[in-house]
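The questions below ask how certain labels come to be attached to this structure. Each answer sets a value against the rule behind the label.

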Amino acid sequence: MSSERIVYVLSDSVGETAELVVKAGLSQFNGQEYKIFRVPYVEDCQTIDDSLQLAKENYGIIGFTLVNPDLRNYLNEQAKKLNIEAIDIMGPMITAMERVFDKSPRLEAGLVHKLDEDYFKRVEAIEFAVKYDDGRDPRGIARADIILIGVSRTSKTPLSQYLAHKRLKVANVPIVPEVDPPEELFDVNPNKCIGLSIRPEKLNEIRKERLKALGLGNQATYANLDRIHQELDYFNKVVDRIGCKVIDVSNKAVEETANVILQMMHK
């Protein structure tokens, strides 16, 4: 069995509250490898059953925030039958408050963020970043606040997510010599586009580490320096054609690059 443990976070809203509590708990276990798998908008028993099955197969643990008492009870009962550790993060608090206040709860999911417009903008931006990640759908280019352009392993995805938390809708487009960039890239305002450049040697190093992490040899074309030069030359042609700004991410953390982009957008 792998030392990495999976924590399944179930919620009838987006699951942010549950994930924060789970992460706070995990922070107390130094060195424990873990992965959090969020299952938002749980509205039926089937979703609970599917999640329980995954937890069973992967020796996982479940943390959940479900205000619906029927779903809450169902999850607790099924988890007990399957001998899965499931932690009800919100239920005991609601039950105690109901006793003390002598008042029935509204049992409506997501109320904590109901009037928080800023929160919904952030969630929308995060969902946008996921939907239009890695050039999956070029239609997102026209709707995006920012379009990130770069070859593989230039931090496009983590940057998209980081900027999404700043309520910006970000699409990112991978640049590969064998694939023509989407035409939409050349139709949008170039000020929305940001090219992510990187030194060939640095990219070579990053890709070798990536291959190593995947259990592959570092002789693959992906980490070949000649191939990397070819990709970067093609990238330069694309960004020159667009006429967009370019940031060298060779020695920048994601947060640093994001701050440079935010400053550019502000200007």
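A residue counts as buried when its relative accessible area is under 20%. The model discussed here is predicted.

Q: Why is Cys193 called buried?
A: Cys193 has a relative accessible area of 1%. The cut-off is under 20%, so Cys193 counts as buried.

Q: Does the label hold for Cys244, or what makes Cys244 count as buried or exposed?
A: The relative accessibility of Cys244 is 11%. Because buried means under 20%, Cys244 is placed among the buried residues.

Q: How do you know that Cys193 and Cys244 form no bond?
A: A disulfide needs two cysteine sulfur atoms within 2.5 Å. The closest cysteine sulfur to that of Cys193 is in Cys244, at 5.5 Å, which is too far for a bond. Seen from the other side, Cys244 is in no disulfide, and its nearest cysteine sulfur is that of Cys193. The search of the whole structure finds 0 disulfides.

Q: What makes strand E7 largely enclosed by the rest of the structure?
A: Strand E7 covers residues 193-197, and 5 of its 5 residues are buried, so the rest of the structure largely encloses it. In a regular strand, side chains alternate between the two faces of the sheet. Both faces of E7 are covered: Cys193, Gly195 and Ser197 are buried on one side, and Ile194 and Leu196 on the other.

Q: How do you know which strands pair with E7?
A: Two strands pair if at least two bridges are found between them. Strand E5 (residues 146-150) and E7 have 3 bridges and pair in the parallel sense. Ile149 stands opposite Gly195 in E7. Strand E8 (residues 245-248) is joined to E7 by 4 bridges, and the two run parallel. Leu196 has Ile247 in E8 as its bridge partner. Both bridge counts satisfy the requirement of at least two, so both contacts are called pairings.

Q: Why are E2 and E4 called edge strands?
A: The sheet in question is open, has 4 strands in the order E2-E1-E3-E4, and shows parallel pairing. Strand E2 (34-39) and strand E4 (86-88) each pair on one side only, and that is what the name refers to. Neighbouring strands of this sheet are turned by 20 degrees against each other on average, direction ignored.

Q: What makes E3 and E4 a pair?
A: Strand E3 (residues 61-65) and E4 share 3 bridges in the parallel sense. At least two bridges are required, so E3 and E4 count as paired. In this pairing, Ile62 stands opposite Ala86 in E4.

Q: Why does Glu19 count as buried or exposed?
A: Glu19 is found in helix H1. The relative accessibility of Glu19 is 13%. That value lies under 20%, so Glu19 counts as buried. From Glu19 to Ala220 there are 201 residues in sequence and 37 Å in space, C-alpha to C-alpha.

Q: Which element gives the most to the lining of the second largest pocket?
A: Helix H1 does, with 4 residues. The pocket has a volume of about 380 Å³ and is lined by 20 residues, among which Val7, Val22, Leu26, Ile61 and Ile87 lie nearest its centre. Two or more residues come from each of strand E1 (5-11), helix H1 (16-26) and E3. By class, the lining has 13 nonpolar, 5 polar and 2 charged residues.

Q: What makes an enclosed space a cavity, and how many of 30 Å³ or more are found in the whole structure?
A: In a cavity the 1.4 Å probe fits but cannot get out. The search finds 1 cavity of 30 Å³ or more, and the largest cavity has a volume of about 30 Å³. Its lining includes Tyr132, Arg136, Asp137 and Pro138. Helix H6 (139-143) and strand E6 (170-174) each give two or more residues to this lining, and E6 gives the most, with 3 residues. The lining has 5 nonpolar, 3 polar and 2 charged residues.

Technical notes:
Residues numbered from 1 in each chain as written. Predicted model: local features only at pLDDT ≥ 70, side-chain atom pairs only at ≥ 80, totals over all residues. Heavy atoms only, no water. 1 Å grid on protein atoms, 1.4 Å probe; cavity = no way out; pocket = protein on both sides within 12 Å on 5 of 7 lines; lining within 4 Å. Points joined across faces, edges and corners; volume = space filled by probe spheres on them. Nonpolar A, V, L, I, M, F, W, Y, C, P; charged D, E, K, R; others polar. Buried < 20%, exposed > 50% of the residue type's maximum accessible area, 1.4 Å probe, protein only. Axes fitted to C-alpha atoms, helices over the stretch in contact; angles between N-to-C directions.
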